[in-house]
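This report describes a protein and its ligand, beginning with the ligand site and then turning to the sheets. Please keep the sequence and the structure in view while reading.

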Amino acid sequence: MSILIVGTTALDSIKTPTQENPRLLGGSASHAAVAASFFSRVKLVGGVGEDFPKKYIALYRKHGIDLAGLQILPGRTFHWSGEYEINMNNRRTLATELGVIETFQPKLPDHYRGAPFVLLGNIAPALQLSVLDQMKKPKFVVADSMDLWINIALADLLELLKRVDGFVLNDSEAGLLTKEDNLFRALKKIHHLGPKYVIIKKGSHGSILSGPKGMFICPAYPLHTVEDPTGAGDSFVGGLMGYLAGARGSIDANLRRAMVYGSVTASFCCEGFGLNGTTKTKRTDIEKRVKELEKLTRF
Ligand code: AMP
């Protein structure tokens, strides 16, 4: 089955303690779309400027991503730059230049509207709602978000949460949204806001799923070297949703395994700058790490 993914399609300038790489392909939708493309057919929704390099369009195409919903708009592409501290966990945003995203209005081509799986990647909640309004009865909708939207667009975000099946956020964002220090009390409060499934990302410490069948604790793949974790969260949710869209059987039967596939896909993202790690990966590499994680967590 196919999956529709909306989010930012960006140019990222990333600085780590050892390297600096300007204007790489990035954005929540780019990372999620490439991750999901290992498992299912992806329909991308986004907006880029006239400065968006043709080689990045070719890269989306190489991954079989449908670009009918990607608008090329007058102006400049969304540009984000960030810098990591020595531990590679703490990140500082240096600049966010919205460019064409400031006025971007998602318009779904007709053949996008029936996609059964929808990933509302990190972008303003008003735009996530606009995509949802254009869909015909999707089977499973998951939204991702970030602290910025909790701080500046809470009303839209709360509206969105009433309309999605699943919500993905990191542990500090769960605290910010619910004013709870305890993660498990926070989870309960987030369910009350609407989503049946809530997934908390904990970076290199894995993730936690809470749903009608209880909880699942998913490990991160143990990496010895992290080149650049930018987009790991988007790759996680892209891999997870792509796996679900490509699998037979019910959501509940597949969700735990989907979390593990998301986790492994994110590990490849961390091994290269921008999308370089993910785009080098093969499906067989993913399967190998999933087996390793299975062995590491069985008891
Ligand atoms: P992550 O490392 O998973 O938090 O995702 C990083 C990606 O998010 C980068 O590729 C950025 O281009 C993108 N990004 C940064 N700021 C924003 C924002 N305000 N809204 C949406 N995407 C963003």
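A polar contact is here a pair of N or O atoms within 3.5 Å. The model is a predicted one, and the distances below should be read with that in mind.

**The ligand and its surroundings**

With that cut-off in place, three side chains can be listed by their polar contacts to the ligand.

| Residue | Ligand atom | Distance |
|---|---|---|
| Asp12 | oxygen | 2.4 Å |
| Arg91 | oxygen | 2.9 Å |
| Thr8 | nitrogen | 3.0 Å |

On its own the ligand has 510 Å² of accessible area, and the protein covers 88% of this. Two or more residues of the shell around the ligand are contributed by each of E2, helix H4 (147–152) and helix H8 (232–246), and H8 gives the largest share, with three residues. In total, 19 residues surround the ligand, and the closest are Asp12, Gly27, Arg91, Gly231 and Asp234. Sorted by class, this shell consists of eight nonpolar, eight polar and three charged residues.

**The four-stranded sheet**

One open sheet is built from four strands in the order E3-E2-E6-E7, and its pairing is mixed. At its edges lie strand E3 (20–26) and strand E7 (91–97), each of which pairs on one side only. On average, and with direction ignored, neighbouring strands of this sheet are turned by 20° against each other.

Strand E6 (residues 79–84) runs antiparallel to E7, and six bridges join the two. Along this pairing, His79 has Glu97 of E7 as its bridge partner, while Trp80 stands opposite Thr96 in E7. E6 and E7 form a hairpin in which six residues lie between the strands, and in its turn Met88 has a positive phi of about 65°. Elsewhere on the sheet, helix H2 (residues 54–62) lies across strand E2 (10–15) and E3, and runs at about 55° to E3.

**The nine-stranded sheet**

A further open sheet has nine strands in the order E5-E4-E1-E8-E9-E10-E11-E12-E13, again with mixed pairing. Strand E5 (66–73) and strand E13 (214–218) are at the edges and have a single partner strand each, so one side of each is left without a neighbour in the sheet. Here the average turn between neighbouring strands is 15°, direction ignored.

Within this sheet, strand E11 (residues 197–201) and strand E12 (residues 207–211) pair in the antiparallel sense over four bridges, and Ile199 has Leu209 in E12 as its bridge partner. Helix H1 (residues 28–36) packs on the sheet, where it touches strand E1 (2–6), strand E4 (41–49) and strand E8 (117–120), and the direction of H1 makes about 165° with that of E1. Helix H6 (residues 171–178) also packs on the sheet, touching strand E10 (166–170) and E11, and the direction of H6 makes about 110° with that of E10.

Note on methods:
Residues are numbered from 1 along each chain as its sequence is written. This is a predicted model: local features need pLDDT of at least 70, side-chain atom pairs count only at pLDDT 80 or more; totals for chains, interfaces and linings use all residues. Side-chain values use heavy atoms; hydrogens and water are left out. Two strands pair if DSSP finds at least two bridges between them. Axes are lines fitted to C-alpha atoms, for helices over the stretch in contact, and angles run from 0 to 180 degrees between N-to-C directions. Contact means heavy atoms within 4.5 Å. A residue is near a molecule or strand if one of its heavy atoms lies within 4 Å of it. A polar contact is a pair of N or O atoms within 3.5 Å; within protein, one must be able to donate a hydrogen and the other to accept it, and residues adjacent in sequence count only if both atoms are side-chain atoms. Accessible areas come from the Shrake-Rupley method with a 1.4 Å probe; for residues, only the protein chains shown count as cover. Ala, Val, Leu, Ile, Met, Phe, Trp, Tyr, Cys and Pro count as nonpolar, Asp, Glu, Lys and Arg as charged, and the others, Gly among them, as polar.
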